[in-house]
Each structure stands twice: as structure tokens, then as C-alpha cells.
Amino acid sequence: MKPVWILLFAVAAVPLAAQESPCPTDVFLDVGRFPGAGDDYPKPRIEVECEEDTLVVRSNGIPHYEFIQITPNPLLETNREYRFPLRPELAEEPTPIPLLGTVGVAINGIPFFGPNEGGVPYPGFGDPVYNSIMDACMGHTAREYHYHALVQACLAANFKPGEPSPILAYAADGFPVYGPYGCVDEDCTSVVKAKSSWKKLRDPEIDAWDAFRYEPQQGPEYLDRCNGHGGHDHGGHHHGEAYHYHVTESWPYILGCFSGTPSPDAGREAAPAVSQAGPRRGPPPPDQPPGPAQVALAAERLGIDTHSLAKALRLTDGRVDPMNFAASARALGIELGELREALDLPARRRGPGGPPPARPSAGGEEPPCRFRCGTSDPNAVGCGLTPDYKVVCTRPCDNNKCG
């Protein structure tokens, strides 16, 4: 993995006032007592309450620590509301997390996404941690500031070595996400660091979900496919939950899937941001997995065997991965439109994964190069958000400094 330099800074974890109800308001930070993102930004704001069986978190999306710009996108106040199950239950089968958009919310009110980028710059969908486009707390801006991994020191600086980790976030299915450390038993005779059971197959620069496979591992430190486990490795506190997730140093970092039933907030975005390229539309709704009959008919149309198509669509070997037809088409060596047509899927206007249309440069020369900016670059021109809410910049090819 490419090195990701993390600068840890001291913040004091100041919880909101504890409640004598199952509503976990005591878990969330009182962000008003922190310095915030900087003098040029609004102060962070978060409100937490419970309405019957629903945990409600309202936030303006501003981090409680200094904002360091990594992408050309500005940090904007978003004023979001998240509604998750207060008393989550395990589903009969796990479900995929959204390919793009909200997977849960951290205890400072900042949303977290899955372990992949969007489709721009083409072909995209790589691991943003591997691609080193995250700040010290594993966050960055697109339509909104969000995380792709969680750093315990950024959310719970008072953690003491040798103790189990506190809750750092809640997933959209309502289950809590703890830091990396947990007890091996209910009496906490020893503490272990949680480990992912996903195996790396290749460098995840693009199509990260195809660069890893889940392989069950033995040992109290190893997590399931969704990056969670049952048991009471935290003594069962915080309204007595047993199943929960842990953050890990390696893929999928936070969640690999939902073990419970996610709320409708899963995959949701902030309103489009205004960039140099003007306001942009949000991504289309996520694609749903095709059924067996649909796959069989598409395989016949494409002239390939059904198993090969199902494998490219991530429908074999018990996989519970987000649908990404652009990556599936690349795996099959065909055009995205051809695959969607074979599956009888509606056409999508510049759907995720395709290259953005070329924009003629001044003077009638060839279209400028397109590239991802890993850091803010004053020489970049035409930087803006695509319909997949990812950064794409244009600049003449002979001056491509951050390609």
C-alpha cells in the first residue's frame, strides 16, 4: 500500500450530557467545545435525539478540527439529518453498502462512505486510502466533507492503550462502529486489535472491490464480511448491543456490507456544491443486482457463459458487493452500454465509470488532459464536480502537474 502520512493532533473527546434512556446522546461529541475547521468556516454543529425507535442526528457537516484542503472542492455547510434504527437487528442476509454516498455517520456528525472512490477520473472506483487522497483524519471534500476510513485519535483522543475502543460512528443499519480495540471476553481479560478478513489480490488503484476477496479467518481478532462480529467484547454497554462493527487498518476500513437493515439514508448525498464549473446534479439512484433469469438472458445475448457474467457482476462466491456495471464491463472487456443493453437496464446519462465528455480547449487544439488532483493546485483550471460528485480538472497536457 502506498504510504499515507497521518498527522495526529490532540483533541479532547467531550461527550454530550449523558441520558438515562437508551438514546446514545452521550456517545456523540459536543463539537461546540472544539475550535472547528478554521476562522473562514462556520462553527461545527450537531444535535442528537431519539424519536421512538429512531436515532436522529442533525449536523452541518463541518469538522471539529482544522480543515486541510486535499481536493479542489470547498468545504461547505451542508445541514444534514440522518435517521437510523435505534434498536437494530441482524438481517437474515447481509446487504451491500452503497457504491457511492452515506454508509453511516461519525460521532462528530460527519458522514462516512464506503472504501472506494467514484468513477472520475476515469476509470476510477479505486481505494482512496491507497491512492493517498485523504487528509490526516481520512476525510476529504466532494459534495460534502466525508470519511472513507476512521482514525480513532481524531474522534477519541482520550483513549488509553490497553483499553477497548469507544464507539466512533453509527452505521445506517443502526449498529455501532467501534474503534479497532476490543476485549477477547466479557470480563476483558485481554484486549486485541480487530483485523479485517478481506484478502488483497492486487493494488486497488481502480475498481477496488475487485482487488479484495473476503476469506474467513480464525481468531477473536478477525471480523466477518461486513467488518463486524457478535459477542460482548465491550461488555455489552450502550443499550446492551451485542453485534457491532470495528474500524480496521486495512480494507474495508469501516464496513464491507450491512449486517442489519439499512435506513433509507444509505447512499444519500448532500445537495450539489457550487464549484468553478458551476452547480452539478447528484448521481442517479444505485443499480440493483440483476436476477438469475436476467443474467442468463444477458449472457446469451453477449455470447458468454452465465457463470462468467455472474462472476463479473460480483454475484458469485457469496459476494455482497455494491453493483458497479462499469467495473463489470471492464472485467468482461466490453463497453458499458453493451452490458447495460444486454441486461435490459435503462440508459444512464453519463453513468458512473465512463469518461467525462471532452471539452474543446481555446484555439481549437486537442481537448485538455483530465486527471485527479490529490492536493489543491493553484495551476489547475476547470476543476469541478462531475455528476458522480468526484473531482475532475482540465489542463493542457504539457503542464499536467498533479495527474
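Colleague: How many salt bridges does the count come to in this chain?

Modeller: Side chains of opposite charge can pair when their charged atoms come close. In this predicted model, the count comes to 15 salt bridges, in a chain whose secondary structure comprises 6 helices and 22 strands.

Colleague: Which residue forms a salt bridge with Arg45, and which parts does the pair tie together?

Modeller: The partner of Arg45 is Glu77, with the closest N and O atoms 3.4 Å apart. Glu77 lies in the loop between β2 (54-59) and β3 (80-85), whereas Arg45 belongs to the segment before β1 (46-51), so the pair ties together parts that are 32 residues apart in sequence. Glu77 is partly exposed at 37% relative accessibility, and Arg45 is partly exposed as well, at 38%.

Colleague: Which residues are linked in a network of salt bridges?

Modeller: The network links Glu49, Glu51, Arg58, Glu81 and Arg83. Within it, the side chains of Glu49 and Arg58 meet at 2.8 Å, N to O, while Arg83 pairs with Glu51, their closest N and O atoms being 2.5 Å apart. Because Arg83 lies in strand β3 and Glu51 in strand β1, that second pair ties together parts 32 residues apart in sequence.

Colleague: How should I read the accessibility of Glu49 and Arg58?

Modeller: A residue counts as partly exposed when its relative accessible area falls between 20% and 50%, so Glu49, at 31%, is partly exposed, and Arg58, at 24%, is likewise partly exposed. For the chain as a whole, buried residues make up 51% of the 403 residues.

Key:
Residues are numbered from 1 along each chain as its sequence is written. This is a predicted model: local features need pLDDT of at least 70, side-chain atom pairs count only at pLDDT 80 or more; totals for chains, interfaces and linings use all residues. Side-chain values use heavy atoms; hydrogens and water are left out. Helices (H or I, at least four residues) and strands (E, at least two) are DSSP runs, numbered from the N terminus. Buried means under 20% relative accessible area, exposed over 50%, partly exposed in between (1.4 Å probe, protein chains only). A salt bridge is a side-chain nitrogen of Lys or Arg within 4 Å of a carboxyl oxygen of Asp or Glu.
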